[in-house]
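Visitor: Before the terms are applied, I should like to see the model itself. Please justify each term by setting the value against its definition.

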Amino acid sequence: QVQLVESGGGLVQAGGSLRLSCAVSGRTFTGAAMAWFRRAPGNERELVAAINWSGGYTYYVDSMKGRFTISRDSAKNTVYLQMSSLRPEDTAVYYCAADRGGYSGRPYYDQRKYVYWGQGTQVTVSS
């Protein structure tokens, strides 16, 4: 059974920082692309950032560029999302996800390609 467990969410003031972690258990995720998504109240779930299996290719949605950094530690089976300069509009439940693996050079941008999901962690940014 594959499990993804997010942590690190919380309440932060605008301009502050948080680091989210996603620990993967139940399988090796060496060959899997990983991604962070988020769902704000009343909105659809959207991609935030993605990283390929090696960590050598990352992708960010435009509004996150320069503020968020995705990374992974294969030895720890963990992917991270460092968030800085947080804004109230970043308030959402953040989810990590993994694809089936396959050592693809680029991560998927389509959430339908991600088959393993965490339960989510709440991030609230106050103004």
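Visitor: What share of the contacts in the protein chain with a separation of 6 or more comes from residues 24 or more positions apart?

Guide: Such pairs account for 60% of those contacts, where contact means heavy atoms within 4.5 Å. The model is predicted, so local features need pLDDT of at least 70 and side-chain atom pairs count only at pLDDT 80 or more, while totals for chains, interfaces and linings use all residues. Residues are numbered from 1 along each chain as its sequence is written, and side-chain values use heavy atoms, leaving out hydrogens and water.

Visitor: How many helices and strands does the protein chain have?

Guide: The chain has 0 helices and 11 strands. The terms denote DSSP runs numbered from the N terminus: H or I over at least four residues for a helix, E over at least two for a strand. The pattern along the sequence is accordingly β-β-β-β-β-β-β-β-β-β-β.

Visitor: What makes the protein chain as compact as a globular protein of its length?

Guide: Its radius of gyration is 14 Å, close to the 14 Å that the globule rule gives for 127 residues, so the description applies. The radius is taken over C-alpha atoms, and the rule is 2.2 Å times the number of residues to the power 0.38. Along the principal axes, the C-alpha trace spans about 40 × 30 × 25 Å.

Visitor: Why is Arg-38 called buried?

Guide: Buried means under 20% relative accessible area, exposed means over 50%, and partly exposed lies in between (1.4 Å probe, protein chains only). Arg-38 has 8% relative accessibility and therefore counts as buried. Buried residues make up 43% of the 127 residues in the chain.

Visitor: How do you know that Arg-38 forms a salt bridge with Glu-46?

Guide: The rule requires a side-chain nitrogen of Lys or Arg within 4 Å of a carboxyl oxygen of Asp or Glu. The closest N and O atoms of Arg-38 and Glu-46 are 2.7 Å apart, which satisfies the rule. Glu-46 itself is partly exposed, at 34% relative accessible area. Both residues belong to a network of salt bridges that also links Arg-67 and Asp-90.

Visitor: Which other pairs meet the rule, for example with Asp-62 or Asp-110?

Guide: The count comes to 5 salt bridges. Among them, Asp-62 pairs with Lys-65 at 3.1 Å between the closest N and O atoms, and Asp-110 pairs with Arg-112 at 2.8 Å. Asp-62 is exposed, at 61%, as is Arg-112, at 70%; Asp-110, at 28%, is partly exposed.

Visitor: How many positive and negative side chains does the protein chain have?

Guide: There are 14 positive and 9 negative side chains, and the centres of the two sets lie 5 Å apart. Lys and Arg count as positive and Asp and Glu as negative, whereas His and the chain ends are not counted. Each charge is placed at NZ of Lys, CZ of Arg, CG of Asp or CD of Glu.

Visitor: Why is Ala-14 called partly exposed?

Guide: Its relative accessible area of 42% falls between the two cut-offs, so the term applies. Ala-14 lies in the loop between β2 (10-13) and β3 (18-25). Not counting residues up to four places away in sequence, Ala-14 touches Leu-86, Pro-88, Val-125, Ser-126 and Ser-127. The C-alpha atoms of Ala-14 and Ser-85 are separated by 6.9 Å, although these residues are 71 residues apart along the chain.

Visitor: What makes Gly-16 buried?

Guide: Gly-16 has a relative accessible area of 17%, which is under the cut-off and therefore qualifies. Gly-16 is also in the loop between β2 and β3. Leaving aside neighbours within four places in sequence, Gly-16 is in contact with Met-83, Ser-84, Ser-85 and Leu-86.

Visitor: What is notable about the phi of Ser-85?

Guide: Most residues other than glycine have a negative phi. Ser-85 is not a glycine, yet its phi is positive, about 50°. Ser-85 is placed in the loop between β8 (78-83) and β9 (92-98). Tyr-103, in the loop between β9 and β10 (116-117), likewise has a positive phi, about 60°.
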